[in-house]
Amino acid sequence: MNGAEKIQAIRMGLKKIEAIRMGSKKIESIREGFVNVVKYKLNMISKRLETEERDSTSRASFKCTECFETFTDFEADQLFDPMTGEFRCTSCNSVVT
Ligand SMILES: [Zn+2]
């Protein structure tokens, strides 16, 4: 191998290294893009779930006939009076509807 051939070989090697580097960069950017899409989708799903949960917990299902306090489905167990079989207000003990 003479000097010119050595330089040529080194240049070829550098090109190969560069190609591998570029290739892995490309793979990395594809993977990053995929991860971003997944992150975005998960974010959308969790946001939607949060909204649904908030809506269902804040939706009043029971209303006191006396003091007009409202209660949600999740509070039903606190309102239920097993003695009378009625749902009663936790504030004034009137029947809720
Ligand atoms: Zn009440």
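**Exercise 1. Work out whether S91 is buried or exposed, and which residues S91 touches.**

Solution. Start with the count: S91 has 12 other C-beta atoms within 10 Å. Now apply the cut-offs: 20 or more such neighbours within 10 Å makes a residue buried, 12 or fewer makes it exposed, and anything in between is partly exposed, with C-beta atoms placed from the backbone. S91 is therefore exposed. A quick word on the ground rules: this is a predicted model, where local features need pLDDT of at least 70, side-chain atom pairs count only at pLDDT 80 or more, and totals for chains, interfaces and linings use all residues. Residues are numbered from 1 along each chain as its sequence is written.

Next, place S91: it belongs to the segment after β4. Helices here are DSSP runs of H or I with at least four residues, strands are E runs of at least two, and both are numbered from the N terminus. Then look for contacts, meaning C-beta atoms (placed from the backbone) within 7 Å of each other. Leaving out residues up to four places away in sequence, S91 touches C64, C67 and E69. Finally, check L79: twelve residues separate S91 and L79 along the chain, and their C-alpha atoms are 9.9 Å apart.

**Exercise 2. Describe how β1 and β2 pair, and find the residue in their turn with a positive phi.**

Solution. First, the strands: β1 covers residues 60-63 and β2 covers residues 70-72. They run antiparallel and share three bridges; pairing takes at least two DSSP bridges between two strands. For one of these bridges, go to K63, whose partner in β2 is T70.

Second, the turn: β1 and β2 make a hairpin with six residues between them. Look there for F68, which has a positive phi of about 60° without being a glycine. That's worth flagging, as most residues other than glycine have a negative phi, and most peptide bonds are trans. F68 counts as exposed because it has 12 C-beta neighbours inside 10 Å.

Third, try the same check further along, at N93. Its phi is near 65°, again positive in a residue other than glycine. N93 sits in the segment after β4 (86-87), and its 12 C-beta neighbours inside 10 Å mean it counts as exposed.

**Exercise 3. Where do D73 and D77 sit, and how far are they from F62 and F87, respectively?**

Solution. Take D73 first: it lies in the loop between β2 and α2 (76-79). With 12 other C-beta atoms within 10 Å, D73 is exposed. Eleven residues separate D73 from F62 in sequence, and the C-alpha to C-alpha distance is 7.6 Å.

Now D77, which is part of helix α2. D77 is exposed, having 8 other C-beta atoms within 10 Å. D77 and F87 are ten residues apart along the chain, with 8.7 Å between their C-alpha atoms.

**Exercise 4. Sketch the overall architecture, and say why the protein isn't a compact globule.**

Solution. Count the elements: two helices and four strands, in the order α-β-β-α-β-β from the N terminus. The radius of gyration, taken over C-alpha atoms, is 34 Å, well over the 13 Å that the globule rule gives for 97 residues, so the protein is more spread out than a compact globule. The rule itself is 2.2 Å times the number of residues to the power 0.38.

Add the box: along the principal axes, the C-alpha atoms fill roughly 105 × 20 × 15 Å. Then split the chain into domain 1 (1-58) and domain 2 (60-97), with bounds from an automatic or database domain assignment. Their C-alpha centres lie 56 Å apart. As for burial, just 3% of the 97 residues count as buried.

Last, ask how confident the predictor is, using pLDDT, its per-residue confidence from 0 to 100. The mean is 84, and 96% of residues reach 70 or more. Confidence is lowest in helix α1 (residues 3-58), at a mean of 78, and highest in β4, at 94.

How values were computed:
Two residues are in contact if their C-beta atoms, placed from the backbone, lie within 7 Å.
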